[in-house]
Each structure stands twice: as structure tokens, then as C-alpha cells.
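This report covers pockets, salt bridges and strand pairing. It opens with one residue of a helix and works outward from there.

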Amino acid sequence: MAGSQWELPPELCCRPMAFVALTGLDVVYNAVHRAIWDAFCANRRADRVPISFKVLPGDHEYPKCRTKRTSYEWYIPKGILKTGWMNKHLNLVPALVVLFYELDWDDPQWKEKQSECATKVEIVRTSLQGRNTKVAVVLIQKKTPLPPGEDLVASERASSLCNACDLSGKSLFVLPHTDHLVGYIIRLENAFYEHAQTYYYTEIRRVKSHKEFLNKTTHQLLFVRHQFKIAFFSELKQDTQNALKYYRTAYSLVHELRAHETNMLEIKTMAGFINYKICRLCFQHNTPLDAIAQFRKHIDLCKKKIGSAELAFEHAAWMSKQFQSFGELFDEAIKLGLTAIQTQNPGFYYQQAACYSQERKQLAQQLCQAGASYPSPDPLDTQSGGLDFYGQRPWRQGHQSIDPPDAEKERTGILALQIKERDVPHSELIIALLSNAVAQFKKYKCPRMKSHLMVQMGEEYYHAKDYTKALKLLDYVMCDYRTERWWGLLTAILTTALRCAYLMASVKDYIIYCMELLGRASTLKEEQKGRIEKNLLKVLMNEVPDAEPECDPSSVSAARSLWNDRMALSGSNEFTIEVQDYIPFIQCKAKFFSPSFHVDQPIQLQVFLRADCPHPVALNKLAVSLSNQEYNQWCVVESSGQESMSLIPGKTKCYNFSFVAKTEDVGKKIEMTGIEVMLGSDRGRCVFLSWRGAGGDAASNHEALQASRSSRRWGRGMETRPELDWDNLIMQHSTMIISRVPKISVQLSHQPPALNNEMYCISLTVQSQEEGVAKDVKLTAGLKPGQDANLGQTTHVTLDGSKVCDDTAPALLPDVPLGDLKPGEK
């Protein structure tokens, strides 16, 4: 009962359809009957009349009809609505019973068959005694009938059959079993539907006729009951406009009932049922705003009706169910074509349902004592196994006076409900509602609402001790909060994530979350950071960290033994953590000194590190990886023996590396592909923090942007700061290697202008300033390329100045050997 008590009964949530019982069909052994039954059931599209069919035996016992009350004078009702009433009219009491009977008009044994048919009709009538249910007969025939009036035998026999069975002509039908069976059956069911309409109309009249006997003082409950019944019968009759009208009246009457602690649950239960019906019909009539307005009114009227304080969790459960049901109705209407908007979608109702479920969980923790044992005999047990009236207490059914009947029974009943509530899987309920809400907010593009609820889901998984799922959700959301820079939220989520990682003894996750909680994005106080840093050091030394505060004590002892197991596994003591997408407690930026280096200059690069945690951090190694891995060996620094590389919090430390490029790399680019810092040691655990490219993390881009804005704002003030300004450090992750500049000077001397057809003398001095011998020097002389082509044809060059040169001399002198040049030689 604990879980299902708040579920709305299926008979309330379905679409009511007229109930018609078919008898005289043997659907198992008779193929013709089976085909008829299939034609009724199969393929019930929207254009077919809304009827619910059932095949029943001819002598089926229908529920007994109570003797009609002649006076209400001494009658005191025991409740508002019987728990079996809706189901009775949906599934047990038919509006029409149809008797199928195989009989052709020209049957040789007509007389005997007619009397057998009359007997069967009589049996049906007897089993329905006192009910207004209609009875009809369908004759299954082999031949297609003649048009009305042409078959005289048929009309004569039909009227004699009607007399024998005491039927009106409108209640006798013929069903020829021919090729057009489905068409005949659709015509039949339309006629059945009309009979059913008449039946429900009669029932409505019957209920309305009670009104004159009722008085306002003792029959308050009956006013609600009768309006509900009229509305329900109107729905069965498919008259939804009137149904809505009567449900609305019933709703106002429920809230006029005298409410006290003993009947509060019954009033709320009925109010919830009627509200559900009203909202459902409003959506059906495509008036969603009416549905929303009704629901708001319902919540305003009911949210203060808590009832018994010791069972306050029940009120929260009931409220949660109201929001959930409305969310489901809203969602269903959207699937049928209603358009929702970002600010008004089912997600908000699921979210509110989850909030009430969370409140229910808290109230249950406060109110349900842990030590008490379940009372015997069970006060929640009823003879029938269920309640007679919706919303009543099992130990005092039908009790309608204000004073509680028996204080002791009341006490044990409440205790039993509290003990049952302890077993309710609250976290599961909350998570299911939150995930429904998340799906809706995702659909309506509300990313922040989605993230907010995913955090709540993660926390709920944490309370349910499903730490793996908790971490998965929290991890997913943290990315959003990092990029949007919600540091307070990020810190709160990291704190829960760290607890999960501790309780699972997930070493790598534990290190990552410690690393972020010590970093600059964390809003924790210094002493909390100090505690986390101590724990991180313990893990690096392969020791068990202290428990996180506010963890459940039983989980902590389980976690300790898990950590001890982890410590024993020496094989898994190396971790590489990609920190680029986090905001770690060590920041790293690196740069090449220049965007290009000549091949004969040493290439210089710098790595800057800075720690943001409360105490100094010892590093054991720093390594830079380059695109050409042959140079990596020159970009490593390790702590040697005594000399440990330590970072002082808030101080930037710079490491310089240099190496000489190889000649074959001229014209190539060298890039930093990653930087790695090693914490811990081989004796305990090694943790490699690894940055992609030249460093930086999830927050550095934004910080660099802020820094560039503020430097523009303050202008020259920057240079006066002695401390290296971290935010203004620009990363330079690649450099080009260019060829060396040769140390040879070439000088020309000549006296312009040069005249046409003249031999023009140009002297050339080549001098070596290299430190060694420049071997095999060659000279090429000629016109600068790219000029007018005619110039090339009319210009001739020669080395020998003593001869006049003619057209045979070339325009270009290539590779004139000058031999070797010693240092300083010209």
C-alpha cells in the first residue's frame, strides 16, 4: 500500500466507454462466432463508436442490484465514493446485453428455436434483475436478407419472435454471415451505441431524482457522490461538455464539506480525483489554459489541508502525485498535438512533484521512529483486503463523526503507516520524477533548468548510495558550470563528487576532485583546503585518506576497507590525469622565446608553473613533449636527491630549456604537444598532470581575456609590478626553424648611367667574415628576374672587360668559381 496508495486508480484514468456484453457466442470452438467477435474487437479505429465489448456466458451473474431506497430520512452516508463503483460501471454492469442466436427465417424447426431463444433472453433478464440494462437479440443467418418489406415470412416471424422474447422491434437484429461481415457489424454496433446512450441517460435521470430527498445537514457527502456519478455516466454517454459541468459542481461541493483531521484524507482524495477528471477533459476540449487554471486553484485550495501532523509525509506524497498526474496529462495532450512553450511545459510539474517527494522523504525521516516494531494485529488489514470508500482509514472505515472513535486504534494505525513509510524507496521516486523533468527541459531547450535538476538527481543518487550514477551525472553538469564560471555551484558539486569518490575508493576521481577543490575556482575556506591537501598527500604516499565530513558512518567503514584493498594493489599506482578540461591547483603556461629561430641559434622555451593551494607542493619531474620527439630529451627537469622542485603558493616559477635544431629541420615548425608534471614518487603513487599544447585549463582563456581588457584600461601601470603577471603571460606553442644568415658580404661599385650599346663596367667585391674557410664559393651574375623580357634579349654579360661583347654573349653568367675564401679574404 505504501507505494501504490497514491496512484490514481486505473478506472479513473481511462477514457470511459459504454460497456456492452455479448452472450451466446462460442469464440473458442465455433469459427463463425470467432469471426464475428474478431470483427467487433479488431481494428477499433477512432471512427468506430466508443464501446467496450466483452463476451460473457448466457447465465453470467451480474452484480446484484441493491433494493431501492424509499426514504433517505434516517440514512447517514459512510463515505463519498465506493472504491468499486467506477469499475462496476466500466466492466461489470453492462448498458446492453446482446444475445447472439443462430436462426434463419426459414428454419424447419422455427417453433422450437423461437422458444429456446425466448428462454435464453429470460435467463439474461433474470440475471440482470432490478437493473435498467437493455437486452437485444441478434440472429446469425446464413443468407443475405431481402430488402425490408419484401420477405413476408421474415416480417411475420420477426414480430412473433419479439412477442415471445418481450422485445421491441428496435432490439431485434439480423447478422448475415457473408462477405460483408465487418460492414454489418459496424451498423450493428452503431445501433448498440444508441441503446447504450439511452441506458446511461436513464441512469443519470435516476441519480438526479434522489436530489429531492436529500438535506444539507446529514447528506453533504451524497451531494458530492451524486454529482460525481452523473458526471461519470455523462462520460460513458460521451457527453463530455456536461460531464465537465457536473465534475466542476462536484469539485466545489467537496470543498464545502466540513473538514477535520479524521476526514481530511478522504476529502483530498476525492478532490484529487475530480480535479484529475476536470483537467483531463479541459485538455481533451483543447482548452489547456482552463486546465492550468483549474490545477492552480486545486493546489491553492489543498496545499494547507495537511491533516494529521504525525502523517505529514502523506500530504507531501499526495501533493507530489497531484503535480505528477497533471504533468502526465499535459504531456499526453502535447503528444496529441497541443503546443507547449518554454515557460509552460510539463517539466515544471514533474519538478514540483520531485520537490514534494523530497519533502516527503525529509518528513518521513523526522516522523518515522526507527526502533518501533510493527503493531499486531495489523491495523491496516481489512476483511475484504481493500477499502470500501476512497481515502478512508482501514481501522475506521465508514466513520464520519468529528471525534476519533478509538484513541488506541488511532495510535497503532498511525504507527503502522509510519513504519510502512520507512520502506518506501524515496530516492527512486525522486529520481524518476527528476529524470522526467530533465527530459522535458531538454525538449524545450532550457539548459540551465536541465543542469539544475541533474545536480539534484546526482545528489539523490548519492543519498541512495549509488555513487557511480551520482558521479556520472555530476561530472556531466560540472563541464557547464566550469565554462559558465559558476564557481560557488562548481565547488558545491565538487564537494559532493569528492564524497562519492571517497566512498567508492575511486583513487583517480578522488585525486581529480581534490585537485580542483584546491584550485583557484574553489570557494572553500583555507582550513577546508588545508584538510583536502593533507588527504591528497596521503593518497600520493599510498596511505588511506581521512573520511570526508558529513558522510554516512556505515558507508565510511565500508569505504575504509575498500581503500585498504586499493593500497595493497601496487600495480595500479601510476595515474595520468588530463587537466586541460579541469581547473587544477597547479597552473601551467609555456612559450617559445620567439616565433622563429635561425638554425644556428639555440631554441629557447620557458615553462611557468604556479600553485594555488594553501601549502607548498613538491614536484618530482617536469617534461615538455615536442612535435619532433628527438628534442624531448633536452626539455626535462627532475628533482635530484636533496634538491626537490617545490612550488610556493601564489608565486610563479619559471623553468628555462634550450636546445639546438638540426639542419634538416630548416623550414619546419616545432610545436609543443604537451606538458607533464609528476607529483608523488615511485615509493607511493605517481600522478602525472598532463596539459595539451602549451598549458592552460578550462578557465584560462577567460582570464586572459579579462587581463587584456584591464591592461588596456590601466595602460602603463603594468610595467611597475615586480611580480611576473600570470594572467598576462601569453602562451606561444610553436616556432619556425629558419636557415642561418651567411657571413659573406657582397658589394657592387659602378658609375651610372649606363648608355645604349655601351660596355658598362661593374666591379664586385666578395669578402668572407666566417670564422672558418668558406669552400667552393661560386658567383652568378645577371639581370634581376621579373623585368621586361626584351631586356634579357638585348643585354649581354661577360667576365672579360677587354673584349667588346656581341650577340653571342649570354644574359646570365652562372656558377663562376671563386675557389676558397679564408676568414677576412676578399
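Arg206 counts as partly exposed, because its relative accessibility is 27%. The model it belongs to is a predicted one.

**Salt bridges**

Arg206 meets Glu203 in a salt bridge, 2.7 Å from N to O. Both residues sit in helix α6, three residues apart, which is about one turn of the helix. Glu203 has a relative accessibility of 3%, so Glu203 counts as buried. The cut-off for buried is under 20%.

Helix α6 takes part in another pair. Arg48 forms a salt bridge with Glu189, and the closest N and O atoms are 2.8 Å apart. Arg48 lies in the loop between α2 (31-41) and β2 (51-55), while Glu189 is in helix α6, so this pair ties together parts that are 141 residues apart in sequence. Are the two partners buried or exposed? Arg48 counts as buried because its relative accessibility is 10%. Glu189 is also buried, at 1% relative accessibility. Arg44 joins these two residues in a network of salt bridges.

Lys64 and Glu61 form a salt bridge too, with the closest N and O atoms 3.0 Å apart. Lys64 has a relative accessibility of 57%, so Lys64 counts as exposed. Glu61 is exposed as well, with a relative accessible area of 54%. Exposed begins over 50%.

How many salt bridges does the count come to? The count is 35. Side chains of opposite charge can pair when their charged atoms come close.

**Pockets**

The largest pocket holds about 1300 Å³ of space. Its lining has 31 residues, and the closest to the centre are Tyr760, Ile762, Thr795, His796 and Val797. Which elements give two or more residues to this lining? They are β18 (744-749), β19 (763-768), β20 (774-782) and β21 (812-821). The largest share comes from β20, with four residues. By residue class, the lining of the largest pocket splits into 19 nonpolar, 10 polar and two charged.

The second largest pocket holds about 1000 Å³ of space. Here 37 residues form the lining, and those nearest the centre are Arg66, Trp85, Lys88, Arg225 and Lys229. Helices appear among the contributors. α3 (85-92), α6 (181-208) and α7 (220-236) each supply at least two lining residues. α7 gives the most, with five residues. The lining of the second largest pocket divides into 12 nonpolar, 12 polar and 13 charged residues.

Helix α6 therefore links two topics of this report: α6 supplies at least two residues of the lining of the second largest pocket, and Glu189 in α6 is tied to the loop that holds Arg48.

**Strand pairing**

Strands of a sheet pair through backbone hydrogen bonds, either parallel or antiparallel. Which sense applies to the open sheet of three strands? Its order is β7-β9-β14, and the pairing is antiparallel. The edge strands are β7 (586-592) and β14 (652-660), each pairing on one side only. From one strand to the next, the twist averages 20 degrees. Strand β9 (residues 602-611) is joined to β14 by nine bridges. Pro602 has Val660 in β14 as its bridge partner.

Strand β15 (residues 669-680) pairs with β11, β17 and β16. The table sets out these antiparallel pairings.

| Pair | Partner strand, residues | Bridges | Example of opposed residues |
|---|---|---|---|
| β15 and β11 | 621-626 | six | Val624 and Ile675 |
| β15 and β17 | 734-738 | three | Glu671 and Ser734 |
| β15 and β16 | 686-692 | seven | Met678 and Phe688 |

How many residues does the hairpin use to join β15 to β16? The hairpin runs through five residues.

**In brief**

Two pockets are described, of about 1300 Å³ and about 1000 Å³. β20 gives the largest share of lining residues to the largest pocket, and α7 gives the most to the second largest. The Arg48 and Glu189 pair ties together parts 141 residues apart in sequence. In the open sheet, β9 and β14 run antiparallel.

Methods:
Residues numbered from 1 in each chain as written. Predicted model: local features only at pLDDT ≥ 70, side-chain atom pairs only at ≥ 80, totals over all residues. Heavy atoms only, no water. 1 Å grid on protein atoms, 1.4 Å probe; cavity = no way out; pocket = protein on both sides within 12 Å on 5 of 7 lines; lining within 4 Å. Points joined across faces, edges and corners; volume = space filled by probe spheres on them. Nonpolar A, V, L, I, M, F, W, Y, C, P; charged D, E, K, R; others polar. Pairing = 2+ DSSP bridges. Axes fitted to C-alpha atoms, helices over the stretch in contact; angles between N-to-C directions. Salt bridge = Lys/Arg side-chain N within 4 Å of Asp/Glu carboxyl O. Buried < 20%, exposed > 50% of the residue type's maximum accessible area, 1.4 Å probe, protein only.
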